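Me: I want to know what stands behind the labels people put on a model. Can we go through them one at a time?

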Amino acid sequence: MTPTTVSGPTDRAGTDGAASGSGSADGHRDAVRPGDGVETYDDDTADAPIRTTGLTKRFRHQTAVDAVDLLVPRGAVYGFLGPNGSGKTTTIRMILGLIRATSGSIRLLGAEMPSGANQALPRVGALVEGPAFHPYLSGRANLARLDAVDRGTDPRTSRQRIDAALDRVGLLPAAEKRFRAYSLGMRQRLAIANALLTPRELLVLDEPTNGLDPQGTREVRHLVSELAADGVTVLISSHLLSEVEQICTHIGVMHVGRLLSQGSVEELRSRSRPTVTVRTDQPDRALTALTALGMTDLGREGPGGTHVVGPLGEVDPRRIVPALVAEGADVLGFAVDAPSLEDLFVELTGEGFDVSG
Ligand SMILES: Nc1ncnc2c1ncn2[C@@H]1O[C@H](COP(=O)(O)OP(=O)(O)OP(=O)(O)O)[C@@H](O)[C@H]1O
């Protein structure tokens, strides 16, 4: 694949033609998607930096992206998640005007894409597949080279902007080191510095932690958090939930071209139902006690059916152990577990995220 960066009004943007059927996604707070599992946002999303409506891309007979209504609110760190091949990169490339949508519409920082590319893209820093860095040039010289070919930037301020970007990603002390001597994390931070050569309202990072070791992943995560704290909206794609979960305010889950779910992390977590597990020698009594509290869908698991398990529902967990004791059920173990986001996604997609990296 050809390495690509979009960092301002490049001549790639928008040259691939307009999205067909591109009705304007107006500022209304409309339903994100009329399907199961996809949330609407309660907050005001009229100025959402990214909003797609019915975004679709077909490659010959394959529908790589299928009617996706993506909504990235201002100030969000939006984790765009899904297994390999689920359509994340294709969606991102359409948003940035790098490929033509088959149908649907895209609003990027208030501009219709790709026709409004010149208006929107200078305010977007993007990392898609990584820029082509020269191994024998220093980090600084590499940025100077890329800055020089970006016709949207002012050459007179180049040095100053490069230093600011290197400083932003913590690479100023290593600015004169050759690129080939950089660690993977440093290389990725340099790529992000390239996307930050001018101030950006929105950063679009496609798999920025791909191939990084845990240290490099932490570096990128830390950098993204800092940028978000400065008010930059971030769309970050990953096939590894665990790599981005802790920095995301919002999450969207892609699966086979469809956006199965999106919403704030809070909303998604609130959808997961905590489960109660009681380990006891008297499971029948435990079942009686829990049923009397109003719990339903209870079952017995474990060796000899000694684990009584069921959803907590509306029951106050502090009432459970006293009720069990009052019923004469010895409590050998008691737990209330909230399912992780990972559990929720397994439920949604029928598969977990690729944990092999
Ligand atoms: N130019 C293309 N021509 C034909 N098929 C394509 C093209 N680009 C992507 N696809 C197909 O579209 C589907 C979605 O690919 P895409 O790269 O968007 O997924 P992804 O979620 O970004 O996965 P990954 O994390 O592996 O990049 C895949 O089945 C891929 O093979």
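What follows is a set of questions and replies on how the labels are earned.

Me: What kind of model is this, and how many helices and strands does the protein have?
Reply: It is a predicted model. The protein has 11 helices and 16 strands. Of its 357 residues, 44% count as buried.

Me: Why is valine 278 called buried?
Reply: The label needs 20 or more other C-beta atoms within 10 Å. Valine 278 has 23 or more to show: its count is 24 C-beta neighbours inside 10 Å, so it is buried. Valine 278 sits in strand β13, residues 275-279.

Me: Which residues does valine 278 touch, beyond those up to four places away in sequence?
Reply: They are Ala286, Val308, Leu324, Val331 and Phe334. Histidine 307 is 29 residues from valine 278 in sequence, and their C-alpha atoms are 5.5 Å apart.

Me: What makes glutamate 207 buried?
Reply: The cut-off is again 20 C-beta atoms within 10 Å. Glutamate 207 has 23 such neighbours, so it counts as buried. Glutamate 207 lies in the loop between β9 (202-206) and α6 (214-229). Leaving aside neighbours within four places in sequence, glutamate 207 is in contact with Ser237 and Ser238.

Me: How far is glutamate 207 from phenylalanine 345?
Reply: Their C-alpha atoms are separated by 18 Å. Along the chain, the two residues are 138 apart.

Me: How do you know that helix α1 is mostly covered?
Reply: Count the buried residues in α1, residues 88-95: they are 8 of 8. Among them are Lys88, Arg93 and Ile95. Glycine 97 follows α1, with a positive phi near 75 degrees.

Me: Which element gives the most to the shell around the ligand?
Reply: That is α1, with 3 residues. The shell holds 13 residues, and the closest are Phe59, Ala64, Asn84, Thr89 and Thr90. Two elements, β3 (62-68) and α1, give two or more residues to this shell.

Me: What is the make-up of the shell around the ligand by class?
Reply: It has 2 nonpolar, 9 polar and 2 charged residues.

Me: What makes a group of residues a nonpolar core?
Reply: Its members are buried nonpolar residues joined through C-beta atoms within 7 Å. The largest such core has 73 residues. Ile95, Ala193, Val204 and Val234 touch the most other members. Helix α5 (residues 184-195) supplies the largest share of this core, 6 residues. Another core, of 11 residues, lies apart from it and includes Val276, Val278, Leu287 and Met295.

Me: Which residues does valine 234 touch, not counting those up to four places away in sequence?
Reply: Val77, Tyr78, Leu203, Leu205, Val224, Leu227 and Ala228.

Me: Why would nonpolar side chains be buried together?
Reply: That is a tendency in soluble globular proteins.

Me: How do you know that β2 and β3 pair?
Reply: Pairing needs at least two bridges between the strands. Strand β2 (residues 50-59) and β3 have 4, in the antiparallel sense. Lysine 57 stands opposite valine 65 in β3. The two strands form a hairpin with 2 residues between them. In that turn, arginine 60 has a positive phi of about 50 degrees.

Me: What share of the contacts with a separation of 6 or more joins residues 24 or more positions apart?
Reply: In this protein the share is 73%.

Technical notes
Residues are numbered from 1 along each chain as its sequence is written. This is a predicted model: local features need pLDDT of at least 70, side-chain atom pairs count only at pLDDT 80 or more; totals for chains, interfaces and linings use all residues. A residue is buried if 20 or more other C-beta atoms lie within 10 Å of its own, exposed if 12 or fewer, and partly exposed in between; C-beta atoms are placed from the backbone. Two residues are in contact if their C-beta atoms, placed from the backbone, lie within 7 Å. A residue is near a molecule or strand if its C-beta atom, placed from the backbone, lies within 6 Å of it. Ala, Val, Leu, Ile, Met, Phe, Trp, Tyr, Cys and Pro count as nonpolar, Asp, Glu, Lys and Arg as charged, and the others, Gly among them, as polar.
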